[in-house]
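Colleague: I have a fold to read and want to learn the routine. Can you take me through the strands and the ring contacts?

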Amino acid sequence: GEHALTLAKRNKNRIALFYMDLNGFKQVNDDQGHDVGDQLLQQVTRRFSGTLRDTDTLARVGGDEFTLLMENNPSNEAIAAVAEKLAASLRQPIKIAGRSLNISTSIGVAVYPQDGDHLSDLLQGADTAMYQAKNSSKTICFYSEGAPTVVASE
């Protein structure tokens with residue numbers, strides 16, 4: 001991540017950092033057990049990865065939280081389109097152990113340079129925007145100047 005940021009600074013490019021959280025994951029884990037939860041995370045990772053370009057870097061950062069680094073100067077439209085694809089990849093139920101599980105994602109996005117100079121700033125901004133998305137039942141929120149802009153909703 002830091003390497004991508006260094007490159008972006010040198011080339012005066014924008015970078016988008018996505019912070020994604022799975023809605024309903026805790027419920028599945030509690031009701032169905034950790035094995036099902038783990039399988040669900042693997043399926044979600046596979047679906048997310050299937051929507052991305054080779055240049056996008058997806059990482060799982062916590063139980064059910066993921067980050068995605070989008071390089072190469074993405075426009076807000078491109079960022080929103082990727083967020084929409086990620087959300088859409090979860091619209092079909094995920095089948096595990098004979099059950100159909102419905103899960104969705106809340107996505108917060110912070111953009112370098114406007115939302116911070118360091119990866120930690122971007123992570124914090126994207127995390128804040130993700131909670132904003134979750135609380136307002138939106139799919140994606142951008143973190144800009146402390147007032148996330150809602151771009152896409154269900």
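Modeller: Start with β6 and strand β7 (residues 140-143): 4 bridges join them, and they run parallel. This is a predicted model.

Colleague: Which residue is the bridge partner of Val109 in β7?

Modeller: Phe142.

Colleague: What kind of unit do β6, helix α5 and β7 make?

Modeller: A β-α-β unit, and a left-handed one. The helix in it, α5, spans residues 119-135.

Colleague: How many residues of strand β6 are buried?

Modeller: Count those under 20% relative accessible area. For β6 (residues 104-112) that gives 8 of 9, so the strand is mostly covered by this definition.

Colleague: In which sense do β1 and β6 pair?

Modeller: Antiparallel, over 9 bridges. To place the register, take one bridge: Asn23 has Ser104 of β6 as its partner.

Colleague: Now β1 and β3. How many bridges join them?

Modeller: 6, and the two strands run antiparallel. β1 covers residues 15-23. Met20 has its bridge partner in β3, namely Phe66.

Colleague: Which residue stands opposite Phe66 in the pairing with β2?

Modeller: Arg60 stands opposite Phe66. Strand β2 (residues 57-60) pairs with β3 over 4 bridges, in the antiparallel sense. The two strands form a hairpin, with 4 residues between them.

Colleague: Which way do the side chains of β3 point?

Modeller: Read them in two sets. Glu65, Thr67 and Leu69 point one way. Phe66, Leu68 and Met70 point the other way. Both sets are buried. That matches the count for β3 (residues 65-70): 6 of its 6 residues are buried.

Colleague: Next, the rings. What describes a pair of aromatic rings?

Modeller: Two values: the distance of the centres and the angle of the planes. A search of the whole structure finds 1 aromatic pair. Phe48 and Phe66 form that pair, with 5.4 Å centre to centre and 85 degrees between the planes.

Colleague: Why is the pair called edge-to-face?

Modeller: Because planes over 60 degrees apart count as edge-to-face, and the angle between Phe48 and Phe66 is 85 degrees.

Colleague: Where in the chain do the two rings sit?

Modeller: Phe48 lies in helix α3 (residues 34-51) and Phe66 in strand β3. They are 18 residues apart, and the pair links distant parts of the chain.

Colleague: Are Phe48 and Phe66 buried or exposed?

Modeller: Phe48 is buried, and Phe66 is too. Put the Phe66 entries together: Phe66 is the β3 partner of Met20, stands opposite Arg60, and forms the aromatic pair with Phe48.

Definitions and conventions. Residues numbered from 1 in each chain as written. Predicted model: local features only at pLDDT ≥ 70, side-chain atom pairs only at ≥ 80, totals over all residues. Heavy atoms only, no water. Buried < 20%, exposed > 50% of the residue type's maximum accessible area, 1.4 Å probe, protein only. Pairing = 2+ DSSP bridges. Right-handed = clockwise from strand over helix to strand, strands pointing away. Phe/Tyr/Trp six-rings, centres within 6.5 Å; stacked < 30°, edge-to-face > 60°.
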